[in-house]
Amino acid sequence: SLAAESLVHSYSKSFSGFAAKLTKAETEKLSGHEGVVSVFPSQLRQLHTTRSWDFIGFPQTVARATVESDVIIGMLDTGIWPESQSFNASGYGPPPQKWKGTCQSSSNFTCNNKIIGARFYHAGQDLNDTEGHGTHTASTAAGNIVTHASLLGLAAGTARGGVPSARIAVYKICWTLGCSDVDILAAFDDAISDGVDIISLSVGGAPTDYFQDAIAIGAFHSMKNSILTSNSAGNSGPAAGTVSNVSPWSLSVAASTIDRKFATGVKLGNGRTYVGGSINTYEASRMYGLIYGGDALNRTSGSDSRSCGAGSLDRDLVRGKMVHCDGVSRGDEQARVGAVASTMSLPPDTPLDAAFSFLLPVSVLTNADSAQILEYINSTSDPTGLIFKTRAIIDNSSPHVIDFSSRGPNPITTDILKPDLTAPGVDILAAWSEATTVTGQDGDTRTVPFNIISGTSMSCPHASAAAAYVKSFHPTWSPAAIKSALMTTVTLMFTAARQLSVEDNSDAEFAYGSGQIDPIKAVNPGLVYDAGEIDYVRMLCGQGYNATQLRLVTGDSSASCSEATNGTAVWDLNYPSFALSSESGKPGGTVKRVFRRTVTNVGKGHSKYKAKVMSSKELKIKVNPKVLRFKELGETMSFRVTVKAKLKQSGIVSGVLVWSDGSHKVRSPVVAHTLQ
């Protein structure tokens, strides 16, 4: 039997399992027991870290469902700062009757009719957000409308969540060192039982097999209970195959830009100016002496000072000066030795994308501009410079997926496209915890009610709010139907006139999935690709899971695998996108697949949808039948899509299938790629 002192947590509300401290021998013994689906180590997951709603065409005046205040979003994150005006409960009635959760007692934390529930999962800690991350994501999803919001004057305007009337339930799973699988599963177990409608989780790790992945397991059980889980896709881009949270029953969200970006100017003593990227809230007062990090070596450190690494700079040479560094860092070393400001150089061919805050005035410059600054330093005996306060500028190239956003292809199920879609995740202003500072670094004294940060952590709550918005109009829709509505009504990230791609979106669907969310259109998608537990079970059969595992995990005694479903179900999963892959080393070769899909009419009773295909020349797409005639709402019709692709050595070829009745356009990406 399991010793009481070994037991860490028991999961019993929504699924069966436990967390325990085990030796290697005990783990192996337990794995062999009948009834044990899997035993896997608890990993530490990491956080994936205003104008964005207006940018995607979702204004403050948008039509709202009268039951929006009955929608509950479960935020699994770092906690929340309840004192923020974004969570003021004025005007809210009591929690919805369906709510069964609790507000876990804490000496300095209280819930209200906006934050209706809160739990934490780490002994000796409390619910206050000492990181800021959870406050930011919660307010992005469901924060109140707050006027005159800004970060010390930057990005001034009205801050609001996507569903500002919705309620928030907080599950604090993340602490200084990360977010434990033990706590993640406990939070899923509680959130499902408590009665949340949407789960928002801006956390992830390296992609792993679905039933060794705590987030995938939790999301599967939330799906079984009619709760969609919205996940961040990860911040490990732009390398291929880095996307995380790829289970087909959850929504995977990439991060893209909005039409506002932040520029931080640099002026040199020779009169030349350069524009870099950062969030610099400090006002420039005068010109300072300028020194290159490579000329300020701390000779006792034994390290290279060109990149201004820890311990590398000589305090006597740098104190009171502006220092130029090769490479981008947090700025700790520059602050340690008394630098007043720092310019930092990006690697060659790296774009100026997201802007970040630093402990001291910083401007991050392109490699080419940095070379000119270094040339100036070497040209005079008394180089000087200053860094201006950041200003907001218009970015006409938006939207495009940010460099750091993790890319496909899906590393677990290669023939399911991930990420699913993209949402604003760059330079997002939202509420911030006043239990921390702008950067959270030692020496930072700037306590602020709002902050500007970037990450798929920021795009995820945009999608969570969009899902909650759809749910408020269609409370009986399944997670798959809501997800389909979001995916098939996106704003396209390409144009046919430019060969289905643009330079800033060169990774195409591996970067942005179906496209950028459009919550208003998602409320009325026309058709949806619906799916339920049994559909995912059949897909998992095709991935090699056996009947015993499936029955124990799902609790469904009828779940089974057979030769008929093995190896083919992945293409027949009723997914709103189409993907096929082939092994590498076959450039110029072809691959052919047949996909079977069923759509449900949620638009007009009597309607006729015609199929239209747009694709690159390497992709042939045939649809049968080409016309779907519906007589009533809720009616389903099936069709087949045959895709024949001439594959490249690497990368993808893509196209789009659109079903249209004249007023609705139900779009699905079609992607073929070579496995590397």
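A salt bridge is a side-chain nitrogen of Lys or Arg within 4 Å of a carboxyl oxygen of Asp or Glu. In this predicted model, Lys98 and Asp197 form such a pair, with their closest N and O atoms 2.6 Å apart. The two residues belong to distant parts of the chain, 99 residues apart. The protein has 676 residues, of which 56% are buried, and its secondary structure comprises 15 helices and 34 strands.

**Salt bridges between distant parts of the chain**

- A search of the whole structure finds 16 salt bridges.
- In the pair introduced above, Lys98 sits in the loop between strand E4 (72-77) and strand E5 (115-120), while Asp197 sits in the loop between helix H4 (181-194) and strand E11 (198-201).
- Lys98 is partly exposed because its relative accessible area is 32%, whereas Asp197, with a relative accessible area of 9%, is buried.
- Arg160 forms a salt bridge with Asp54, and the closest N and O atoms of this pair are 3.1 Å apart.
- Arg160 lies in the loop between strand E7 (154-159) and strand E8 (167-172), and Asp54 lies in helix H2 (residues 51-55), so their salt bridge ties together parts that are 106 residues apart in sequence.
- Arg160 counts as buried, at 6% relative accessibility, whereas Asp54 counts as partly exposed, at 41% relative accessibility.

**A salt bridge within a helix, and a network**

- Glu333 forms a salt bridge with Arg336, the closest N and O atoms lying 2.7 Å apart.
- Both residues belong to helix H7 (residues 332-336); because they are three residues apart, about one helical turn separates Glu333 from Arg336.
- An α-helix has 3.6 residues a turn, so residues three or four places apart point the same way.
- Glu333 is buried, with a relative accessible area of 6%, whereas Arg336 is partly exposed, with a relative accessible area of 37%.
- Arg119, Asp190 and Asp194 are joined into one network by salt bridges that share partners.

**Nonpolar cores**

- The largest nonpolar core contains 119 residues, and the members that touch the most other members are Trp249, Phe639 and Trp659.
- A second, separate core has 19 residues, including Leu151, Ala159, Ile279 and Ile428.

**A buried helix**

- Helix H10 (residues 479-488) is mostly covered, with ten of its ten residues buried.
- Among the buried residues of H10 are Pro479, Ala480, Ala481, Ile482 and Leu486.
- The buried residues of H10 also include Lys483, Ser484 and Thr488.

**Surface and charge**

- The protein exposes about 26600 Å², and carbon and sulfur atoms supply 49% of this area.
- On the surface, Lys592, Lys622, Lys626 and Lys644 gather in a patch of positive charge.
- Lys644, one of the patch residues, is found in strand E32 (residues 636-646).
- Lys644 counts as partly exposed because its relative accessibility is 45%, and partly exposed residues fall between the cut-offs of under 20% for buried and over 50% for exposed.

Technical notes:
Residues are numbered from 1 along each chain as its sequence is written. This is a predicted model: local features need pLDDT of at least 70, side-chain atom pairs count only at pLDDT 80 or more; totals for chains, interfaces and linings use all residues. Side-chain values use heavy atoms; hydrogens and water are left out. Patches are made of residues with over 30% relative accessible area and no salt bridge: like charges are joined within 9 Å, nonpolar side chains (Val, Leu, Ile, Met, Phe, Trp, Tyr) within 5 Å. Accessible areas come from the Shrake-Rupley method with a 1.4 Å probe; for residues, only the protein chains shown count as cover. Lys and Arg count as positive and Asp and Glu as negative; His and the chain ends are not counted. The place of a charge is taken as NZ of Lys, CZ of Arg, CG of Asp or CD of Glu. Helices (H or I, at least four residues) and strands (E, at least two) are DSSP runs, numbered from the N terminus. Buried means under 20% relative accessible area, exposed over 50%, partly exposed in between (1.4 Å probe, protein chains only). A nonpolar core is a set of buried Ala, Val, Leu, Ile, Met, Phe, Trp, Tyr and Cys residues joined through side-chain atoms within 4.5 Å.
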